[in-house]
Amino acid sequence: MMEPRISIVTVAVRDLDRAAAFYEAMGLRRHRIRDGVAFFQMGGIIFALFPRESAEPDAGVTFGAAPSAVYLAYNTRSEAEVGAVLAQAEKAGGRIVKPAGRAFWGGWYGYFADPEGNLWEVAHNPAFPIAEDGTISLPA
């Protein structure tokens, strides 16, 4: 039986060095394993970058030209932190896709795209508590 968790989130990228440099500029620390992949510890999961030319034969698929329709989310502890993370992403070489603003669900959020076009939502949702160790919980 599959346990309710995600172990590793892997994003297939065209330029591993450029993508890894972006995430390092965002404040993530790259793990010492660097043989054709970039690993970053993010709380209880691992975020990985893997070159598309390696990922396609590894998975037995061919990716389309566009980035994945899947997007990642980073929840913040405050509304002000949303703007700070978006600004950091832009400074690191990302592109603001949607500036910070009020969400229909009452929180504060915006979107950026990394240099490969992969989307990240940055949001403050006071109903989803974030523990001191960074883990997030659904409301009770």
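Let's start with R18, which is partly exposed, at a relative accessible area of 41%. Keep in mind that we are looking at a predicted model.

What does R18 do with its side chain? It meets the side chain of E116 in a salt bridge, at 3.7 Å from N to O. Now look at where the two partners sit. R18 is in helix α1, while E116 is in the loop between β6 and β7, so this pair ties together parts that are 98 residues apart in sequence.

Stay with E116 for a moment. Is E116 buried or exposed? E116 is buried, with a relative accessible area of 8%, and the cut-off for that word is under 20%.

E116 also forms a salt bridge with R14, and here the closest N and O atoms are 3.6 Å apart. R14 belongs to the loop between β1, residues 8-13, and α1, residues 16-25, whereas E116 belongs to the loop between β6, residues 108-113, and β7, residues 119-124; the pair therefore ties together parts that are 102 residues apart in sequence. Like R18, R14 has its own accessibility value: R14 is partly exposed, at 43%.

How many salt bridges are there in the model? The count comes to three. One of them we have not met yet: E79 with R102, where the closest N and O atoms are 2.9 Å apart. E79 lies in helix α3, residues 79-91, and R102 lies in strand β5, residues 95-102, so this pair ties together parts that are 23 residues apart in sequence. E79 is partly exposed, with a relative accessible area of 33%, and R102 also counts as partly exposed, at 46%. Going back to the earlier partners, salt bridges that share partners join R14, R18 and E116 into one network.

That brings us to the strands. Which order do they follow in the sheet? Four strands form an open sheet, and the order is β4-β7-β6-β5, with mixed pairing. At the edges you will find β4, residues 72-75, and β5, each of them pairing on one side only. From one strand to the next, the twist averages 15°.

Let's zoom in on β5 and β6. These two run antiparallel, and five bridges join them. If you want a residue to click on, try K98: its bridge partner in β6 is Y111.

Finally, here is α3 again, the helix that holds E79. Helix α3 packs on the sheet and touches β4, β5, β6 and β7. The direction of α3 makes about 10° with that of β6.

Note on methods:
Residues numbered from 1 in each chain as written. Predicted model: local features only at pLDDT ≥ 70, side-chain atom pairs only at ≥ 80, totals over all residues. Heavy atoms only, no water. Salt bridge = Lys/Arg side-chain N within 4 Å of Asp/Glu carboxyl O. Buried < 20%, exposed > 50% of the residue type's maximum accessible area, 1.4 Å probe, protein only. Pairing = 2+ DSSP bridges. Axes fitted to C-alpha atoms, helices over the stretch in contact; angles between N-to-C directions. Contact = heavy atoms within 4.5 Å.
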